[in-house]
Protein chains: 2
Amino acid sequence: MPDSHDMLFRTLADPTRRAIFERLCRDGELTVGALTAQAGVSQPAVSKHLGVLKQAGLVRDRQAGRQTHYSAQLGALSPLIDWTSQMAGFWEARFDDLEDLLARMDQ
Amino acid sequence: MPDSHDMLFRTLADPTRRAIFERLCRDGELTVGALTAQAGVSQPAVSKHLGVLKQAGLVRDRQAGRQTHYSAQLGALSPLIDWTSQMAGFWEARFDDLEDLLARMDQ
DNA sequence: CCAACTCATATCTCTCTGGTTATGAATAAA
DNA sequence: TTTATTCATAACCAGAGAGATATGAGTTGG
């Protein structure tokens, strides 16, 4: 059962794809051509990566004539933030349990 | 050049491996056997996943007799947190630039 | 209308990796 | 000292996916 975390992690796992996303975060809206110019891979490869990013909700595309403009959707990162703080939460919960245990032992 | 983000994202991209890490966050230290019991894959598969997690610094292992106890190393997640806030930072920087521009235009 | 441009899709290849079974090393128990 | 248990490693297999090239659809400019 591939949940939302799954898609996010898998999408961001590829260095080329993550670099494209980072670039969109830095520079804002960019065309496929502009992205391809610095991606180090072919234009079809970039298009495929953009497709995956779009599928994951990480980017938005805007058609304008014969070129497509892509921009990052930062909100799509929130499941990742949630997951991280959830892990930290588990950690702290266990720490609290330990404290409770010690407190009870102390009585 | 696979940086630290790379290893983290790639390591956490696999569902089975991420589930193992989540379990270690929830339940604390666990043996390979205990992890295997609920992993849904064979023991060698679990061992391999633990090896990858250890390589990424996400887990620690402690030998005790014939069993190995693994525990999560939450601190290894900080590059991930850093990356996320960096992306958000880029976003805000661009927003600030826009505000500056508008402010200058307003004069 | 025709030529050039921008991007997406189709197809193929090849590598990477997550899974398995088999096995061995180390430790504990009988 | 055997026997059983726990885990890691080796070898192998199959599927996924990231890359390339080829091509076509849609758009702009001459």
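I take helices and strands as DSSP runs numbered from the N terminus, and I am working from a predicted model.

**DNA strand C.** I looked up which elements line this strand, and found that α3 (32–39), α4 (43–55) and β3 (67–72) of chain A, together with α2 (15–27) and α4 (43–55) of chain B, each supply at least two residues of the surface near DNA strand C. The largest share, four residues, comes from α4(B). I list 22 residues around the strand, the closest being Ser47(A), Tyr70(A), Ser42(B), Lys48(B) and His49(B); sugar and phosphate make up 63% of the strand's atoms that come within 4 Å of the protein. By class I find six nonpolar, ten polar and six charged residues on this surface.

**Individual contacts to the strand.** I then checked chain A for atom pairs: a polar side-chain atom of Tyr70(A) lies 2.7 Å from a phosphate oxygen, and a polar backbone atom of Gly33(A) is 2.8 Å from a phosphate oxygen. For a base, I noted Gln43(A), with a side-chain N or O atom 2.8 Å from a base nitrogen.

**Chain A against chain B.** I find 28 residues from chain A and 28 residues from chain B in the contact, with a buried area of about 2,500 Å², 72% of it from carbon and sulfur atoms. Phe9(A), Trp83(A) and Trp91(A) supply 21% of the area that chain A buries against chain B, more than any other three residues.

**Polar links across the interface.** I count two salt bridges here; in the pair Arg18(B) and Asp6(A), the closest N and O atoms are 2.6 Å apart. I also find four residue pairs in polar contact, both partners at pLDDT 80 or more. On the side of chain A that touches chain B, α5(A) gives the most, with nine residues, and the residues of that side divide into 17 nonpolar, three polar and eight charged.

Key: Residues numbered from 1 in each chain as written. Chains lettered and ligands numbered in written order. Predicted model: local features only at pLDDT ≥ 70, side-chain atom pairs only at ≥ 80, totals over all residues. Heavy atoms only, no water. Near = heavy atom within 4 Å. Polar contact = N/O pair within 3.5 Å; in protein donor to acceptor, adjacent residues only side chain to side chain. Nonpolar A, V, L, I, M, F, W, Y, C, P; charged D, E, K, R; others polar. Contact = heavy atoms within 4.5 Å. Buried area = accessible area lost by both parts, 1.4 Å probe. Salt bridge = Lys/Arg side-chain N within 4 Å of Asp/Glu carboxyl O.
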